[in-house]
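Q: Got a minute to walk me through this one? I'd like to start with the layout, then the pockets, then the ligand.

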Amino acid sequence: MDHSKIISGFSKLNKNQKLGLISRYSENPDQALNDLKSFWHSNADMQKMLDEFSENTLTNYFFPYGVAPNVMINGKVYIVPMVIEESSVIAAASNGAKYWAGKGGFHSEVLSVTKLGQVHFIWKGDFNRLKSLFPELRKLLLARSAPLTANMEKRGGGVLDMELVDKTDVLDNYYQLSVKFDTRDSMGANFINSCLEEYAAGIKSFVNESGLFEGEPLQVIMSILSNYTPECLVKTWVECDVSEFSDIDKSLKAEDFVWKFEKAVQIANVDTHRAATHNKGIFNGIDAVALATGNDFRAIEACGHAWAARTGKYKSLTEVKVENGKFHYSLTLPLAIGTVGGLTSLHPMAKFSLELLGNPQAPELMQIASAVGLANNFGAIKSLTTKGIQIGHMKMHLLNVLNSFNAADYEKLLAVEYFKNHKVSYSGVSGFLASIRNGN
Ligand code: MEV
């Protein structure tokens, strides 16, 4: 076993000590140290705040911050900020947004905003008796969380409901306290978890210390929000006459395009391999908006994929309907995102993003993120079923390929011109650069 890289007490070192130590793991420590420091923010206070978002921070990791303009949702037009490293995502979102803006834009409706948390416990006691005493227990629990919920209640949110759930059919002696919350414009993770830890302590003392129950003590296993929020749901759709697709591709009639499009979505419903890729394209857009607005994209993805598998089979998150010459394409998914709390106002770029969007409330941001997801997905299916994805993808990727060959600015200009009419590939770019460099 190799213990040579085990470091004790790393978190106790100061930032310079951490940098010094870590850069020594690189082939050229002095160069690594300079490189890492070169990404520090020039404003020391800002850098300190960025450092404090996380632990063991050495430097910053830059990603491109861009926008998709012309995102029309329910008649209102947004310039949507997106943070993503994949070269074609913002281009696809922007194209999709512009395309649909000319056809009435996106339509979107928030169906519900409820979040959920659970206290998981194991107990061999009399569950029916606990259930019969639940009204009393519930009052005690709500009293325990009152100091935590007071502010949220002022904002119109708080605890919506709580119930005891018998899960002994899936695991011996397993029960839950399941609690529903309205966290208003915050994603609400900290609020929910704090309430749940109060409830866990409350149930334990009610069962184990009140003298009301006999036998082995109730054991709380854990108290945590659920990132699966099927009741925090947004539906976004586009619609038009099938005949409006007559100009979508030179080689396809409108009906043929729609037929292929429908088949592509049906395939994503019956084949898990395709469904994962189909849905990944949706999260290209949603995650980019989540990152730009300081939201937790891991929570969003976990929830979206769980929702995609809610029938027991992992399927497409989008649905297509073609009826009486009308095309209707929708995306329905749970999106637990916030516009207050967390990094939303602390991270200067997240704050700017929300300003750019007109400081929306959380439901409006759900609509915006899902519209961008739908724009990305529509763009992907359109390309896949017509000219293929690589033409556009590699065109967007061209600058990355050129950079990987250390192309000079003038070489990039020539290459961009040349590859307007040629297929982009690593070998093609390499050959093109060699021909310039050899003066051919
Ligand atoms: C690439 O990031 C996303 C796509 O693969 C999505 C899809 O295939 O639908 C193009």
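What follows is a short chat about domains, pockets and ligand contacts.

A: Sure. Keep in mind that this is a predicted model.

Q: Okay, how is the chain divided into domains?

A: Domain 1 covers 10–51. Domain 2 is made of 65–112 + 232–386. Domain 3 runs over 115–226, and domain 4 over 393–437.

Q: How far apart are the C-alpha centres of domain 1 and domain 4?

A: They lie 34 Å apart.

Q: On to pockets. How much space lies in the largest pocket?

A: About 930 Å³. Its lining has 26 residues, and the closest to the centre are Leu50, Phe53, Asn60, Tyr61 and His347.

Q: Which elements give two or more residues to that lining?

A: Four helices do: H3 (44–52), H9 (272–292), H10 (297–308) and H11 (348–356). H11 gives the most, with three residues.

Q: And which domains does the lining of the largest pocket draw on?

A: Domain 1 and domain 2 each supply at least three residues.

Q: How does the lining of the largest pocket split by class?

A: There are 17 nonpolar residues, eight polar and one charged.

Q: Now the second largest pocket. What is its volume?

A: About 680 Å³. The lining counts 32 residues. Nearest the centre are Ala92, Gly379, Ala380, Ser383 and Ile389.

Q: Which helices give two or more residues to the lining there?

A: H4 (89–101), H9, H12 (362–385) and H13 (390–404). H12 has the largest share, nine residues.

Q: What about classes in the lining of the second largest pocket?

A: Eleven are nonpolar, 15 polar and six charged.

Q: Switching to the ligand. Which residues surround it?

A: Glu86, Arg274, Thr277, His278, Lys280, Gly281, Asn284, Ala380, Leu384 and Ile389. Ala380 and Ile389 should ring a bell: they are among the residues nearest the centre of the second largest pocket.

Q: Which side chain has a polar atom 2.7 Å from a ligand oxygen?

A: That is lysine 280. Arginine 274 also has a side-chain N or O atom 2.8 Å from an oxygen of the ligand. For asparagine 284, a polar side-chain atom is 2.9 Å from a ligand oxygen.

Q: And how much of the ligand's exposed area does the protein bury?

A: The protein buries 84% of the 300 Å² that the ligand exposes when taken alone.

Technical notes: Residues numbered from 1 in each chain as written. Predicted model: local features only at pLDDT ≥ 70, side-chain atom pairs only at ≥ 80, totals over all residues. Heavy atoms only, no water. Domains from an automatic or database assignment. 1 Å grid on protein atoms, 1.4 Å probe; cavity = no way out; pocket = protein on both sides within 12 Å on 5 of 7 lines; lining within 4 Å. Points joined across faces, edges and corners; volume = space filled by probe spheres on them. Nonpolar A, V, L, I, M, F, W, Y, C, P; charged D, E, K, R; others polar. Near = heavy atom within 4 Å. Polar contact = N/O pair within 3.5 Å; in protein donor to acceptor, adjacent residues only side chain to side chain. Areas by Shrake-Rupley, 256 points an atom, 1.4 Å probe, with all protein chains shown as cover.
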